[in-house]
Amino acid sequence: MADERDIINETEQDDAEIRTGLDRTIATSSKVLAWAIFAAFLITVIEVIARYAFDSPTFWAHETTTFLIAAVFLIGGPVALARDKHIRVRMIYDAVGPRKRRVLDIVNSVIALVFFAGLAYASWVMVGKSWFTPAGALHLEGTGTSWNPPTPALLKLLVLICVVTMFVQTVGHLIGAICRDTSSALDGGE
């Protein structure tokens, strides 16, 4: 069983990789937003009890839990970027010295910015179509069920918010990589 000091040290090491103030804010807020998973669990328990114990199923539980889990999934992108825990192939990165890592970080950030810009544009188009009628009136896209909550429109907005957030994070990471001092690093002649 892990000792409390080991858990604290592990958490502090995780926070050591946070590079900007925005990253710190996102990483901290993710601890609060993670409670959405617990809320989805409670809603599911309520639905099971209502359905099987009282033979009175709810009409809102499935769509609410789907929305909550999808929202947590979307927020995972900025959180992974903030904590520098996203998936990557480290074979080349770990084989080179600090100067070449800096170059790889800059190239990676530029490519990510182009990717996030494209996603932001596509998300903006999706949000426009899900929030407004062709005539321009505000009308949130619903699920099409008898309850018909506007969760598709809200999730599309969350996609846009998360992509724009990751774009801003990447700008910060790019600036950090450009400004990183590698002159004192021993690269073995790099």
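Student: How much space lies in the largest pocket?

Tutor: About 410 Å³, in this predicted model. Of the 20 residues lining the largest pocket, Arg19, Asp84, Arg88, Asp105 and His173 are the closest to its centre. Two elements, α6 (98-131) and α7 (151-179), each give two or more residues to that lining.

Student: What makes residues of the lining of the largest pocket charged, and how many are there?

Tutor: Asp, Glu, Lys and Arg count as charged, and 7 residues of this lining fall in that class, beside 8 polar and 5 nonpolar ones.

Student: And which residues line the second largest pocket?

Tutor: His86, Arg88, Val89, Ile92, Tyr93, Leu104, Asp105 and Asn108 do, around a space of about 220 Å³. By class, they are 4 nonpolar, 2 polar and 2 charged. Helix α6 supplies the largest share, 3 residues, and α5 (91-95) also gives at least two.

Student: Let's turn to the helices. Why are α4 and α7 called roughly parallel?

Tutor: Their packing angle is about 5°, and angles under 35 degrees count as roughly parallel. The pair α4 (61-82) and α7 is therefore roughly parallel. Their axes lie 9 Å apart.

Student: How do you know which residues make the contact of α4 with α7?

Tutor: Contact means heavy atoms within 4.5 Å. On α4 the residues include Phe67, Leu74 and Leu81, and on α7 they include Leu154, Met166 and His173.

Student: What classes do the residues of that contact divide into?

Tutor: The contact of α4 with α7 has 14 nonpolar residues, 6 polar and no charged.

How values were computed
Residues numbered from 1 in each chain as written. Predicted model: local features only at pLDDT ≥ 70, side-chain atom pairs only at ≥ 80, totals over all residues. Heavy atoms only, no water. 1 Å grid on protein atoms, 1.4 Å probe; cavity = no way out; pocket = protein on both sides within 12 Å on 5 of 7 lines; lining within 4 Å. Points joined across faces, edges and corners; volume = space filled by probe spheres on them. Helix = DSSP H or I, 4+ residues; strand = E, 2+ residues; numbered from the N terminus. Axes fitted to C-alpha atoms, helices over the stretch in contact; angles between N-to-C directions. Parallel < 35°, antiparallel > 145°, perpendicular 65-115°, else oblique.
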